[in-house]
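Biologist: I should like to hear the reasoning behind each term you apply. Please set every value against its cut-off before you conclude.

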Amino acid sequence: VEQALSTESNSVVLYRLSCLFVFYGETMAPSLSKDAALLQTIEELKDLTLNMFFSGLNSSVQRLLGRMSTPDYDLLPVQAVHQVLLLLRDVLESHDGAVAAVADKKENFSKIFAAVLDPLNQAVQLSATQLSSPLDVAVYTLNYLSAINAVIILYQYTDTRLEMIKAQMDANEDVLVGEQVTLILSQTGLVEVYTKAAAHQPSQGALSEIAGMEASRISNAMTLFD
């Protein structure tokens, strides 16, 4: 059996097999002694297929991430991201329909995300450093996180990971808002007005007498802001 399994390289098939071994082990356990050779064999095969699954999954993810390209001008996820998410979806489809116990599914689920999403996140962050501005980085990251969210939200046991994604999205939305505010204030001249007002000392006299703080200048800045 082990020799036959060693020729299998499809991660999804290996995961399904490991779940089947769990199912058969739990089904037969009440009718057999704890030391039964059959139960021990099933347990060993379950461990073997599960280890092979994660080994193959890690290799597949690393191979796909090796093709990670520079973000395109539209700041949408690149092809390598879609390929990794497609692999994840295939695994989750198998995970969702497997016959293993809930506890086993939850434990494997956490490991699956660690094997797929954690390295993907690192690769995306690295590729995002090639972008020219924090605004572009935030937009690209938000698009990538939205793509992940759309895939995993359909499956069980994703609450923790969805919360992590939401926190990341909130942080990048803050960056996006901050960059936009800075841009608007700079274009209207209000940044200069704020800087001079914050640095003003009573000993300098009336604020309106400082160059760049004339009433007409401030009025014009507020008009542009509106």
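Modeller: Let us begin with Arg-161 and its accessibility.

Biologist: Why is Arg-161 called buried?

Modeller: Its relative accessible area is 13%. Buried means under 20%, exposed over 50% and partly exposed in between, with a 1.4 Å probe and protein chains only. Because 13% is under the limit, Arg-161 counts as buried. Please note that this is a predicted model, in which local features need pLDDT of at least 70 and side-chain atom pairs count only at pLDDT 80 or more, whereas totals for chains, interfaces and linings use all residues. Residues are numbered from 1 along each chain as its sequence is written, and side-chain values use heavy atoms, with hydrogens and water left out.

Biologist: How do you know that Asp-118 and Arg-161 form a salt bridge?

Modeller: The N to O distance between their side chains is 3.1 Å. A salt bridge requires a side-chain nitrogen of Lys or Arg within 4 Å of a carboxyl oxygen of Asp or Glu, so this pair qualifies. Asp-118 lies in helix α5 and Arg-161 in helix α7, so the bridge ties together parts that are 43 residues apart in sequence. Helices here are DSSP runs of H or I with at least four residues, and strands are runs of E with at least two, numbered from the N terminus.

Biologist: What makes Asp-118 partly exposed?

Modeller: Its relative accessibility is 30%, which falls in the intermediate class. The bridge thus joins a partly exposed Asp-118 to a buried Arg-161.

Biologist: How many salt bridges does the whole structure contain?

Modeller: The search finds five. Among them is the pair of Lys-166 and Asp-170, whose closest N and O atoms are 3.0 Å apart. These two residues are four apart in helix α7, which separates them by about one helical turn. An α-helix has 3.6 residues a turn, so residues three or four places apart point the same way. Asp-170 is partly exposed, at 31% relative accessibility.

Biologist: Which residues are joined into one network by salt bridges that share partners?

Modeller: Glu-43, Lys-46 and Asp-47 are joined in this way. Within the network, Asp-47 and Lys-46 bring their closest N and O atoms to 3.1 Å. Lys-46 is buried, at 15%, whereas Asp-47 is partly exposed, at 34%.

Biologist: How do you know that Ser-18 touches Lys-46?

Modeller: Contact means heavy atoms within 4.5 Å. Leaving aside residues up to four places away in sequence, Ser-18 touches Lys-46, Thr-49 and Leu-50. Ser-18 belongs to helix α2, residues 11–28, and is called buried because its relative accessibility is 2%.

Biologist: Why is the pair of Phe-109 and Tyr-157 called edge-to-face?

Modeller: A pair of aromatic rings is described by the distance of the centres and the angle of the planes. Rings of Phe, Tyr and Trp (its six-membered ring) pair if their centres lie within 6.5 Å; planes under 30 degrees apart are stacked, over 60 edge-to-face and the rest tilted. The structure holds five such pairs. In the pair of Phe-109 and Tyr-157, the centres are 6.5 Å apart and the planes meet at 70°, hence the name edge-to-face. Phe-109 lies in helix α5 (residues 102–128) and Tyr-157 in the loop between α6 and α7 (159–188), so the pair ties together parts 48 residues apart in sequence. Phe-109 is buried, at 7%, while Tyr-157 is partly exposed, at 22%. Elsewhere, ring pairs link Tyr-15, Phe-53 and Phe-54 into a cluster.

Biologist: What is noted about the phi of Tyr-157?

Modeller: Its phi is near 60°, a positive value in a residue other than glycine. Leu-75, also not a glycine, has a positive phi of about 65°. Leu-75 sits in the loop between α3 and α4 (79–97) and is buried, at 10%.

Biologist: What makes the span of helix α6 close to the expected value?

Modeller: The expected span is 1.5 Å times one less than the number of residues. Helix α6 (residues 134–152) has 19 residues and reaches 27 Å from its first C-alpha to its last, close to the expected 27 Å. Its buried residues include Tyr-140, Leu-145 and Ile-148.
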